[in-house]
Amino acid sequence: MEVVIHCLFSYLSTVTFGIVTNVPRKVLNTCGITGAVGWMIYWSTKNLDAGVIFANFLGAIGIGLLSIYFSRRKKMPMTIFNIPSLVPLVPGGPAYQAVRSIVLGDYVSGVHFIIKVIMTAGAIAAGFMVTGIIERLLKNSLDKKRSFK
């Protein structure tokens, strides 16, 4: 039952953010699926005790690969799928805890949370960079195959 709840709420958060950011209606469902898959990769990896940072990295790779696939299939820019799908992975809780700790004077805890937020954001960015590299490698290999024909 927990899997269904995670999948449903990650889908809903992605679609809701897509509505707020004016994503075209015809791709809202696709964005929701992309966000839900990214979150489920993150959640599954985290439950295997692989660490939050690595889980965010893999979730971002999943989102990036699906965004590439759906952008080609729907003939739309990748960012339409990337941006809303990223919402479940964003480290909002630790960012809030960092600000709260600093305001309350607990600077050590605040710095700890800030480092966690920076590392998580870096892992997400690295995941998107990896998918960009994968996309270019696939495109180059397909172009080489087409030129030999």
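A crossing of two helices is left-handed if the near helix is turned anticlockwise from the far one by less than a right angle, and right-handed if clockwise. H3 passes H4 in a right-handed crossing. Helices here are DSSP runs of H or I with at least four residues, strands are runs of E with at least two, and both are numbered from the N terminus.

This is a predicted model, in which local features need pLDDT of at least 70, side-chain atom pairs count only at pLDDT 80 or more, and totals for chains, interfaces and linings use all residues. Residues are numbered from 1 along each chain as its sequence is written, and side-chain values use heavy atoms, with hydrogens and water left out.

**The whole chain**

The chain has 6 helices and 0 strands. From the N terminus on, its elements run α-α-α-α-α-α. Its C-alpha atoms fill a box of roughly 65 × 30 × 30 Å along the principal axes. Of the 149 residues, 36% are buried. Buried means under 20% relative accessible area, exposed means over 50%, and partly exposed lies in between (1.4 Å probe, protein chains only). A contact means heavy atoms within 4.5 Å. Among contacts between residues at least 6 apart in sequence, 64% join residues at least 24 apart.

**H3 meets H4**

Helix H3 covers residues 52-74 and helix H4 covers residues 79-86. Their axes come within 8 Å and cross at roughly 145°. Axes are lines fitted to C-alpha atoms, for helices over the stretch in contact, and angles run from 0 to 180 degrees between N-to-C directions. On the H3 side, the contact uses Ile-63, Gly-64, Ser-67, Phe-70, Ser-71 and Lys-74. On the H4 side, it uses Phe-81, Asn-82, Ser-85 and Leu-86. These residues divide into 4 nonpolar, 5 polar and 1 charged. Ala, Val, Leu, Ile, Met, Phe, Trp, Tyr, Cys and Pro count as nonpolar, Asp, Glu, Lys and Arg as charged, and the others, Gly among them, as polar.

H4 is mostly covered, with 6 of its 8 residues buried. Ile-80 and Pro-84 are among the buried ones. Thr-30 of helix H2 (residues 28-47) touches Phe-70, Lys-74 and Phe-81, leaving aside residues up to four places away in sequence.

**Four residues and their exposure**

| Residue | Place | Relative accessible area |
|---|---|---|
| Asn-22 | loop between H1 and H2 | 68%, exposed |
| Thr-30 | H2 | 7%, buried |
| Asp-49 | loop between H2 and H3 | 72%, exposed |
| Ala-125 | H6 | 39%, partly exposed |

Asn-22 has a phi near 60°, a positive value in a residue other than glycine. Asp-49 also has a phi near 60°. Ala-125 and Phe-57 are 68 residues apart along the chain, yet their C-alpha atoms are separated by 8.0 Å.

**The largest pocket**

The largest pocket holds about 230 Å³ of space. On a 1 Å grid over the protein atoms alone, a pocket is an open set of points where a 1.4 Å probe fits, with protein on both sides within 12 Å along at least five of seven lines; lining residues have an atom within 4 Å of a point. The volume is the space filled by probe spheres set on the points, which are joined across faces, edges and corners.

H3 and helix H6 (107-148) are the elements that give two or more residues to the lining. H6 gives the most, with 7 residues. The lining has 6 nonpolar, no polar and 5 charged residues. Among them are Tyr-69, Arg-72, Glu-135 and Asp-143.
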